[in-house]
Amino acid sequence: NFVLKDTFDYDTIKGKAVIRSRKEGDKADIHGGTKTLKKLFIEEKIPAEERNSVAIIADDEGVLWIEGLGAARRARLSEKTVNVAAIKIRKK
């Protein structure tokens, strides 16, 4: 049973993609306009004690996807999408 299923445009990955927690200075354009993850997490009311356990997929250019918030604007599916990255998260 998966807790979360999501997707993003695989072909937007620049260099290596990794799954990690947030890093200081991380920024993403999720809701229109680039913001720090700290600000996004505050706006989304993600409790401070949970913020370091939110899964992030990032590449050499920055954040592609954030667990619970979805794909950054540059990685969203569009009519030009050819290859799709599928994400499935199972929490214990």
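**Exercise 1. Work out how the radius of gyration of the protein compares with that of a compact globule of 92 residues.**

Step 1: take the radius over C-alpha atoms, and for the globule use 2.2 Å times the number of residues to the power 0.38. Step 2: with 92 residues, that rule lands near 12 Å, and the protein comes out at 13 Å, which agrees. Step 3: for the outline, the C-alpha atoms fill a box of roughly 35 × 35 × 20 Å along the principal axes.

Before going on, a note on the input: this is a predicted model, where local features need pLDDT of at least 70 and side-chain atom pairs count only at pLDDT 80 or more, while totals for chains, interfaces and linings use all residues. Residues are numbered from 1 along each chain as its sequence is written, and side-chain values use heavy atoms, with hydrogens and water left out.

**Exercise 2. Find which pattern of helices and strands the protein follows along the sequence, and what share of its residues is buried.**

Step 1: assign elements as DSSP runs (helices are H or I, at least four residues; strands are E, at least two; numbering starts at the N terminus). That gives 1 helix and 8 strands, in the pattern β-β-β-β-α-β-β-β-β.

Step 2: call a residue buried under 20% relative accessible area, exposed over 50% and partly exposed in between (1.4 Å probe, protein chains only). Buried residues then make up 37% of the 92.

Step 3: look at contacts (heavy atoms within 4.5 Å). Of those with a separation of 6 or more, 67% link residues 24 or more positions apart.

**Exercise 3. Give the strand order of the open sheet, and say which strands stand at its edges.**

Step 1: count two strands as paired if DSSP finds at least two bridges between them. Strand 2 and strand 5 have 3 bridges, strand 5 (residues 56-59) and strand 6 (residues 62-66) have 4, and strand 6 and strand 7 have 2.

Step 2: chain the pairs together, and the open sheet of 4 strands reads 2-5-6-7, with antiparallel pairing. Strand 2 (18-20) and strand 7 (70-71) each have a single partner strand, so they stand at the edges, with one side of each left without a neighbour in the sheet.

Step 3: check the register. Val-18 has Ala-58 of strand 5 as its bridge partner. Going from strand 5 to strand 6, Ile-56 is partnered with Ile-66, Ile-57 stands opposite Trp-65, and Asp-59 is partnered with Gly-62. Trp-65 also stands opposite Ala-71 in strand 7.

Step 4: look at the connections. A hairpin through 2 residues joins strand 5 to strand 6. Strand 6 and strand 7 form a hairpin with 3 residues between them, and Gly-68 in that turn has a positive phi of about 85 degrees.

**Exercise 4. Determine which faces of strand 5 are covered, and which elements give two or more residues to the largest nonpolar core.**

Step 1: in a regular strand the side chains alternate between the two faces of the sheet. On strand 5, Ile-56 and Ala-58 lie on one side, Ile-57 and Asp-59 on the other, and all are buried, so both faces are covered. In strand 6, 5 of its 5 residues are buried.

Step 2: build the cores (buried Ala, Val, Leu, Ile, Met, Phe, Trp, Tyr and Cys residues joined through side-chain atoms within 4.5 Å). The largest has 13 residues, and those touching the most other members include Ala-28, Ile-30, Phe-41 and Ile-66. Helix 1 (37-43), strand 5 and strand 6 each give it two or more residues, with the largest share, 3 residues, from helix 1. A second, separate core of 10 residues includes Phe-8, Ala-55, Trp-65 and Ile-87.

**Exercise 5. Place Asp-29 and Leu-69: which elements or loops hold them, and what do they contact?**

Step 1: Asp-29 sits in strand 3 (residues 27-29) and is buried, at 17% relative accessible area. A polar atom of its side chain lies 3.0 Å from the backbone nitrogen of Gly-32. Beyond four places in sequence, Asp-29 contacts Thr-34, Ala-72, Arg-73 and Arg-76.

Step 2: Leu-69 lies in the loop between strand 6 and strand 7, and counts as buried at 16%. Outside four places in sequence, Leu-69 contacts Ile-30, Leu-40, Phe-41 and Glu-44. Leu-69 and His-31 are 38 residues apart in sequence, but 9.0 Å apart in space, C-alpha to C-alpha.

Terms used:
Polar contact = N/O pair within 3.5 Å; in protein donor to acceptor, adjacent residues only side chain to side chain.
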